[in-house]
Amino acid sequence: MEAQVPPNEPRNSHDGARGPRLREIPLRLIVPNLITVLAICSGLTGIRLAFENRYELAVTLVLAAAFIDGIDGRVARMMKATSKFGAQMDSLADIVNFGVAPALVLYVFILDQARSIGWIAALIYAIAAGLRLARFNVMAERDHKAPWQSEYFVGVPAPAGALLVLLPIYLGFLGVQPTAPVAYVAAGYTVLIAALLISRLPVWSGKSETQKIRRDLVLPVTLGIVVYVALLMSFTWEVLSVTVIAYLFTLPLGARAWHKRFGTLVVMDDVGEGNDSNEAELDRGL
């Protein structure tokens with residue numbers, strides 16, 4: 001039986017007391033967030049497997065988390081599903097997958113042999129990854145971006161840092177025993193990667209629209225990528241070790257190219273960034 005409404009009161013006058021109606025959200029807006037959650041689950045599961053001494057699967061999941069976390073933003077842009085909520089979720093996932101998970105897996109595998117020194121090195125890396133991600137977010141939110149930002153990163157990007165810092169584990173899978181002396185070397189290497197993350201070293205990004213491949217080189221480059229992926233699937237740890245070493249050797253080349261262009265070896269606050277003094281002051285410490 002329908003409830004009686006006073007004659008002088010509109011029928012929908014009580015709708016406001018019921019609270020706002022739940023608004024339906026398109027499925028395409030949820031998909032990128034689900035990918036981000038999947039990346040977090042992968043990274044955290046990798047930590048658990050490391051504590052269970054299942055190191056190869058742990059490293060695989062951490063690297064998978066880094067890869068998945070790197071594509072969720074692109075998926076959101078392709079599906080036109082970007083949102084502030086998704087951006088915040090992505091930032092939280094980044095610190096887990098690029099900072100905490102690699103640091104803990106590395107500590108359990110080898111850095112614990114160095115006792116407190118190893119734990120301090122893991123802490124330094126995790127904090128450096130967080131600082132690197134915070135600086136990236138600040139630079140991405142600028143209204144006016146310098147032209148070079150499409151060509152260079154400021155410091156080693158966090159996803160690459162996660163790949164680099166796990167080198168002692170790759171070498172461990174290839175036969176290097178995780179002894180105490182090796183652990184101290186690994187701790188020093190971890191701090192080095194942390195320093196590269198928060199440095200102002202110019203690092204090639206590979207995202208510039210001006211960087212093009214000659215038409216006659218398209219097929220050889222495509223074939224090279226196929227061969228690399230095939231080798232990665234067959235000789236995973238050997239290929240990852242070579243990839244890390246090759247990437248480290250490219251860093252001086254990027255700094256040299258920057259020096260020829262701007263005359264400095266590091267990214268300065270005022271290089272190509274206009275005359276916005278407020279932004280310069282905001283980012284001076286970054």
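Me: How many residues does helix α2 have, and how far does α2 reach from its first C-alpha to its last?

Reply: Keep in mind that this is a predicted model. To read a helix, set its end-to-end reach beside the expected one. Here α2 runs over residues 55–78, so 24 residues in total, and spans 35 Å, close to the 34 Å expected at 1.5 Å a residue.

Me: Where does α2 bend?

Reply: Look for a change in the direction of the helix axis. For α2 that happens at Asp 72, with an angle of about 25 degrees. Asp 72 is also one of the buried residues of α2, a list including Tyr 55, Val 62, Ile 68 and Asp 69. Just after α2, Lys 80 takes a positive phi of about 55 degrees.

Me: Which residues does the "transmembrane region" annotation cover?

Reply: Start with the record, then check the model. The unreviewed UniProt entry lists several stretches, among them 29–49 and 116–134. In the model, residues 29–49 are 100% helix, with end C-alpha atoms 32 Å apart. Residues 116–134 are 100% helix too, and their end C-alpha atoms lie 27 Å apart.

Me: Which residues have the most contacts inside the largest nonpolar core?

Reply: For a core, ask who sits in it and who touches whom. This one has 51 residues, and the best-connected are Tyr 125, Val 156 and Tyr 170. Helix α7 gives the most, with eight residues.

Me: What is Val 156 in contact with, leaving aside its neighbours within four places in sequence?

Reply: Partners far along the chain are the ones to look for. Val 156 touches Arg 132, Gly 161, Leu 164, Leu 196, Leu 197, Val 203, Tyr 247 and Leu 251. There's also a second, separate core of five residues, including Met 139 and Trp 258.

Key. Residues are numbered from 1 along each chain as its sequence is written. This is a predicted model: local features need pLDDT of at least 70, side-chain atom pairs count only at pLDDT 80 or more; totals for chains, interfaces and linings use all residues. Side-chain values use heavy atoms; hydrogens and water are left out. Helices (H or I, at least four residues) and strands (E, at least two) are DSSP runs, numbered from the N terminus. The bend at a residue is the angle between axes fitted to the seven residues ending there and the seven starting there. Buried means under 20% relative accessible area, exposed over 50%, partly exposed in between (1.4 Å probe, protein chains only). UniProt positions are given in the numbering used here, feature names are shortened, and annotations may be inferred rather than shown by experiment. A nonpolar core is a set of buried Ala, Val, Leu, Ile, Met, Phe, Trp, Tyr and Cys residues joined through side-chain atoms within 4.5 Å. Contact means heavy atoms within 4.5 Å.
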